[in-house]
Amino acid sequence: MKLELTVNDTPHVAEIEPRTLLVHYLRDVLGLTGTKIGCDTSSCGTCTVLVDGESVKSCTVFAAQVNGAALTTIEGLAGDDGLNRVQQAFHDNHALQCGYCTAGMVMAAVSLLEEQPDPTEADVRGGLEGNLCRCTGYHNIVKAVLSCGRAAER
Amino acid sequence: MTTTEIPAADGKGLVKIGQPLLRREDEPILRGEARFTDDVPIPGALYMEVLRSSHAHARIRSIDTDAARTSPGVVAVYTGADLAGEWVGQIPVLIAPDPAPLLAPRWGPIATDKVNYVGEPVAVVVAETRARAADALEAIVVDYDVLPAVVSPEDACTDRVVIHDELGTNKAYTWEVVITPESVDAAFADAAYTVKQRHIQQRCLPAPMETRAVCAVPDPMGGGGFTLYSSTQMAHLLRTLLAMTVGVPEQKLRVIAPNVGGGFGSKLQTYPEESLCLALARRLKRPVRWVEDRSECGVAMIHGRGQVQDIELAADSDGKITAVRVHLLGDLGAHCKLFTPGIPVIGGPFYHGCYDVPAFAITITSVYTNLPPTDAYRGAGRPEATYAIERAVDGLAAEMNMDPAEIRRRNFIPPFENGHQTVCMVPFDSGNYEPALDQALELAGYEQLRKEQADRRASGSTKHLGVGIASYVEVCGYAPSRMMAAGGGKFSLWGTSVVRFLPTGKIVVTTGSHPHGQGHETSWAQIVSDRLGVPYEDVEVLHSDTAIAPYGVLTGGSRSLSVEGAALSVTCDKVIAKAKTLAAHLLEAAEGDLEFNDGSFNVKGTPSRALPITGLAHTAAFDAHLLPEGMEPNLSAETTWDPPNFTFPFGTHIAVVEVDEETGAVALVKFVAVDDCGNQLNPVIVEGQVHGGLVQGIGQALFELAAYDDDGNPLSPTLADYLVPSAAEVPSFTLGSTVTPSPSNPLGTKGVGESGAIGSAPAVINAVVDALAPLGVTNVIMPASPMTVWRTIQAARAAAPNAKENGR
Ligand code: FES
Ligand code: FES
């Protein structure tokens, strides 16, 4: 089937098998391997991307389901002026170790901050529940996300 | 780059050892550019899928691959019998329970006539795409003759079913260390108090977020060589072992571990899929790649823990421990992987914990079961040991109605700076245990917590507050070859590093370490900047590729900084020594008159005539005619470093929990960890390591269980069933530290990769038991799930209906 969508501001048209998962389309067809696969039960969140601004686990949807949508992956987050603020906060707070969960974690955090610009620690912990990290113990991830909140800016 | 990264103060871009430093590894990861094994594009690669045994114990009658072979896109289908000719040797055991004889079965990358656990490979499909390979896998029909399965180590001991006919028993070994048997017996006979407990170390899944992935690529230039990409913690050792078992000459094999998404010991292996991809690439003359599904990972990766622990303490009337006696039953799983039989043994000498125990006896029996092999998982033997002794010490405190902090204080080994011979085997390097306990109590607000607890109990609340302490000492810095050999090591580990000054004054470091999240690129550059006085940004650190890096054996056991990092420090000293000879020659001064500060040599008292080491590097490379007679051109050095002793990090963790009597739910409300890893190179990374370790230990205590049914079928191979804690289940942590430098290496560092995972599980369970003590609860098995806790409460109530009124 024919798929048309925009990924990181670049339009793509592709002929795909209908059973192609979005994460496979991104990784195998577009070569955007920054989005990871960490499970086969929609449990880990390493595959999180933004679809029309909303965070979506890209292993849980077929590429066909996002036909026409605008996607952002981890590769599309930084601008010409460097890392975006969430990426920067992850760096500044040592919120990544092996980095395998990082893309999904950052995308989920971007979406969380979009919905809750001023989250509490409980909001952050609850909001990131679907993203697993085995390295950081979450302490610094939570710190990083909180540092992006309005409260931290004041 | 942020301003926090490089302090502007010094103006030369120098960073110092001990300075908090953010990581240079981060940016490519944060941009999604860092490539992990399955991200590496390999043109023309075939995809391998592995058919795994669906039975825990069965003979293979036949395998019908006909339909799979004709499935679209399939290039080849192989069974174990088809591939029997590919293997030239068996994967060896690298730590054995010397001097006890080890009975170990034969095994290969793929089963031939029998399967011994669910998940064991029985056939492989190679196809043009991953989906085609997966489709074809379903068309393979295996006819099994199902045998009764052995799923508990106790059952294994009975030899009711013997798994490996050629061994005649399920017992792999019995390893015994008894320090003066009479004194142990006498201590128990004379004891004012005794404690006897049984603990279960449930099987855990290491569950790194990146599963394993492999790609074997025949040398595109011809020549018969191969490049193997693997998500491994041990590129060099993997190359050696693949050479020995698959028969590709070691020098013809290049192993690259790209970015590796966590390991925690699970990637310290030579796994079947590595052997298979390499053998199939050789056979098919095309690249062959494989990536593990998560649910496959639950059965195809090693498991951690898996022990039954019987521990007894004897104590005098003051609460001074007079003897520790331990019987350990190790569940090795279906066969021995690299370190399988050694894991219980590594923990053996730590069952007396950080306590001055005069009499000690431990017997370890390990058995085979029809479950996946167990092996190194964060802490490998020490978390288990710490759990048993720390639970037992709390049991003693309860017995004596003494504060658990006080009982520990009374028994700590007194402070020592340079060697302490414990009752069992290896001498500890340095230790000062009480200050870590004091700091943890202070940070936790211990007095206040006990008050709150008393108030809560008095109020009759059904939400019980519990405080749990665990003090630990563990062993890291795996290397000292003589001690390794004495402890059953069948291989040596050492640290390697090369420092090469380039003619422009920049530096390339190659190291034997294989980081997978630990930030070695940052830390190693930090060491070099500090030691050589060169800008941090001018130091490039290369690793994890056997074609580039010196042989570094493996990264595990918190050994990187204290062995590989120390090797780098030694190499820097060599570079300085050579540069000093050159500087003295050029300055026409005696070497003894020179001093070296912030990267420059000058004659003492005349700082104006200074020669920067970067300039000397240029001279040594391109003005080699100026070198003193006999000096080799270029400023570089190399070290293979074998330290004199292990290192022994220690600390105290305190958990505060709230347990709901009505639901059995445990909420971890506070966690304090005070760890002493010797001198800290980079506190940012130290804290990160501790945080991660804590959640793994907390996970074991409260959530994680690799569950199996009675037939050996996995009940929790996926992340939907196996509960890796999320951010919502854990709190933020309060960390502290003490610093007791290690005499075992020039950096004075001990290692911190595992500490968090070692103190946390016993602290949490001690807290849960402490919370429920008024209900008569004396033990809760891991994981302390609501159901388990609730049942434990009901059982305690049934046993002692009036317990609640009796108080603590
Ligand atoms: S890969 Fe785990 S949730 Fe998508
Ligand atoms: S940083 Fe390794 S899984 Fe999160």
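The paragraphs below go through some strands and helices of chain B in a predicted model.

We begin with a pair of strands. Strand β3 of chain B covers residues 74-79, and 5 of its 6 residues are buried, so by the cut-off of under 20% relative accessible area this strand is mostly covered. Its partner is strand β5 of chain B, residues 121-127, and the two pair in the antiparallel sense over 5 bridges. One position shows how they line up: B:Ala76 has B:Val126 in β5(B) as its bridge partner.

Further along the chain there is an open sheet. Four strands of chain B form this sheet, in the order β18-β26-β27-β28, and the pairing is mixed. The edge strands are β18 and β28 (734-737), each of which pairs on one side only. On average, neighbouring strands of this sheet are turned by 15 degrees against each other, with direction ignored. In a regular strand, the side chains alternate between the two faces of the sheet.

The sheet can be read strand by strand, starting from the edge strand β18. Strand β18 of chain B (residues 463-473) runs antiparallel to β26(B), and 11 bridges join the two. Within this pairing, B:Val467 has B:Val656 in β26(B) as its bridge partner. Strand β26 of chain B spans residues 650-660 and is mostly covered, with 10 of its 11 residues buried.

On to the next strand in the order. β26(B) pairs with strand β27 of chain B, residues 666-676, in the antiparallel sense over 10 bridges. Here B:Val659 stands opposite B:Val666 in β27(B). The two strands form a hairpin with 5 residues between them. In the turn of this hairpin, B:Gly664 has a positive phi of about 80 degrees. The last step across the sheet is of another kind: β27(B) and β28(B) pair in the parallel sense, over 4 bridges. B:Val672 stands opposite B:Thr734 in β28(B).

Now for the helices. Two packed helices are described by the angle between their axes and the distance between the axes. Take helix α16 (residues 520-532) and helix α17 (residues 560-587) of chain B: their axes come within 10 Å and cross at roughly 30 degrees. Angles under 35 degrees count as roughly parallel, and therefore α16(B) and α17(B) are roughly parallel to each other. The crossing in which α16(B) passes α17(B) is right-handed. Among the residues that make the contact are B:Trp524, B:Ile527 and B:Arg531 of α16(B), and B:Leu561, B:Leu568 and B:Asp573 of α17(B). Sorted by class, this contact of α16(B) with α17(B) has 9 nonpolar, 4 polar and 3 charged residues.

A second helix pair can be described in the same terms. The axes of helix α11 (residues 382-400) and helix α20 (residues 755-772) of chain B come within 8 Å, and they cross at roughly 30 degrees. That angle makes α11(B) roughly parallel to α20(B). The crossing of α11(B) and α20(B) is right-handed. Residues of α11(B) that take part in the contact include B:Pro383, B:Tyr387, B:Glu390 and B:Asp394, while those of α20(B) include B:Ile758, B:Ala761, B:Ile765 and B:Val769. By class, the contact of α11(B) with α20(B) has 8 nonpolar, 2 polar and 4 charged residues.

Notes
Residues numbered from 1 in each chain as written. Chains lettered and ligands numbered in written order. Predicted model: local features only at pLDDT ≥ 70, side-chain atom pairs only at ≥ 80, totals over all residues. Heavy atoms only, no water. Buried < 20%, exposed > 50% of the residue type's maximum accessible area, 1.4 Å probe, protein only. Pairing = 2+ DSSP bridges. Axes fitted to C-alpha atoms, helices over the stretch in contact; angles between N-to-C directions. Parallel < 35°, antiparallel > 145°, perpendicular 65-115°, else oblique. Left-handed = near helix turned anticlockwise from the far one by under 90°. Contact = heavy atoms within 4.5 Å. Nonpolar A, V, L, I, M, F, W, Y, C, P; charged D, E, K, R; others polar.
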